[in-house]
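Subject: Structure for you to look through

Hello,

Please find below the structure I promised to pass on to you, together with its sequence. Once you have it open, read on for what was found in it.

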Amino acid sequence: MQQTCMLCTSHHGRDLGLCASCLADLPWHSTAQCPQCALESNGGLCGSCLSGPPSFDATKAAFTYSYPLDGLLQHYKYNASLNLARTLATLWLDTQRIQVSPKHPIDLIIPMPMHEKRLTERGFNQALEIAKRFSRAFTIPLDYSSCQRIKYTPPQASLKLKERISNMRGAFQCQPSLHNLRIAVVDDVMTTGASLNELAKTLKQAGAARVECWVMARTLPK
C-alpha cells in the first residue's frame with residue numbers, strides 16, 4: 001500500500017511509510033562492531049567487554065541512534081505512534097545480518113519491563129509492541145510477565161554513566177523459572193547498556209543460560 005513518506009512527505013512511502021531514498025539514508029548500524037555490546041570495533045570483542053564483560057552475551061542493533069532514526073523512535077515512544085512498531089520491527093527483521101544464530105538459538109523473548117507507574121503515564125510499553133512482532137516472525141514464545149520493573153527510576157537519558165548504573169541497581173525482579181533458557185531481551189535503544197545489563201544480570205540470577213539484547217538502535221560514544 002502506497003502512503004506518504006514519514007520523513008520527506010513524498011507520495012512514495014510504500015508499505016512501511018518510507019520512500020526508497022529515505023530508507024537508504026537511515027543510519028544503518030553496519031560497521032564492524034563488537035558482537036557483545038555492538039560498539040564499533042574490528043569485529044572482535046572490544047576492549048571494554050574484554051576488561052569488564054557485561055552480563056549480556058550479545059547485542060544485535062539495526063541502526064545507529066542518530067538523525068533521522070532518533071526522531072522516529074522518539075515519536076514512537078512519546079506520541080503513542082503504535083503504527084511505527086510495525087515499521088521498526090520490519091526494518092530490524094529485514095536487516096540481513098540480523099538473524100537468530102543456529103549456534104545460539106533463542107528459547108524466549110522478553111521485552112524490557114516498564115514500571116507500572118511509567119506504563120500508566122505512557123499508555124503502552126514500546127519494547128513489548130516490537131517484541132510481539134519478533135515473536136511472530138521467529139515463532140519464539142513471548143514472555144512479558146516473568147520479569148517486572150520493581151523500582152521507579154528517573155529517565156536514564158537525564159543521567160551520567162555512574163548515575164545510570166546506580167539508578168538501575170535492583171530495578172528488576174524475575175521469577176526463578178528461567179533455568180537454562182536462552183533469552184532475547186528487546187528494547188528500543190541501547191545507550192550505555194546500564195538498563196539492559198541490570199536486566200541480563202537479574203535474568204541470569206533466575207537461571208538464564210544466555211541473554212542477547214535485540215535493540216532498534218545503538219548509541220555511539222561522542
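A good place to begin is T59, which, if you leave aside its neighbours within four places in sequence, is in contact with P35, Q36, C37, A38, M190, C213 and V215. Please keep in mind that this is a predicted model. T59 belongs to strand β1, which covers residues 58–64, and the side chain of T59 comes to 2.7 Å from the backbone oxygen of Q36. Is T59 buried or exposed? Its relative accessibility is 5%, and because a residue is called buried when that value is under 20%, T59 counts as buried.

Strand β1 turns up again when you look at helix α4, since the buried residues of α4 pack against β1 as well as against α1 (20–25), α3 (69–78), α6 (126–138) and β6 (210–218). The residues of α4 that are buried are L84, A85, T87, L88, A89, L91 and W92. Helix α4 itself runs over residues 83–94, and its 12 residues reach 17 Å from the first C-alpha to the last, which is close to the 16 Å expected at 1.5 Å a residue.

The next helix to consider is α6, which has 13 residues and reaches 19 Å from its first C-alpha to its last, close to the 18 Å expected at 1.5 Å a residue. Its buried residues are Q126, A127, L128, E129, I130, A131, F134 and S135, and among the elements that cover them are α3, α4, β2, α5, β5 (182–190) and β6. Look also at the two ends of this helix: N125 caps the N-terminal end of α6, with a side-chain oxygen 2.9 Å from the backbone nitrogen of A127, while T139, just after α6, takes a positive phi of about 50°.

N125 leads on to the second largest pocket, where this residue, along with P113, M114, Y144 and C147, is one of those that lie nearest the centre, out of 15 residues in the lining. Two or more lining residues come from each of β2 (108–111), α5 (116–122) and β3 (147–149), and β3 gives the largest share, three residues. The space in the second largest pocket is about 270 Å³. Sorted by class, its lining has eight nonpolar, four polar and three charged residues.

Best wishes

Note on methods
Residues numbered from 1 in each chain as written. Predicted model: local features only at pLDDT ≥ 70, side-chain atom pairs only at ≥ 80, totals over all residues. Heavy atoms only, no water. 1 Å grid on protein atoms, 1.4 Å probe; cavity = no way out; pocket = protein on both sides within 12 Å on 5 of 7 lines; lining within 4 Å. Points joined across faces, edges and corners; volume = space filled by probe spheres on them. Helix = DSSP H or I, 4+ residues; strand = E, 2+ residues; numbered from the N terminus. Nonpolar A, V, L, I, M, F, W, Y, C, P; charged D, E, K, R; others polar. Buried < 20%, exposed > 50% of the residue type's maximum accessible area, 1.4 Å probe, protein only. Polar contact = N/O pair within 3.5 Å; in protein donor to acceptor, adjacent residues only side chain to side chain. Contact = heavy atoms within 4.5 Å. Expected span 1.5 Å × (residues − 1).
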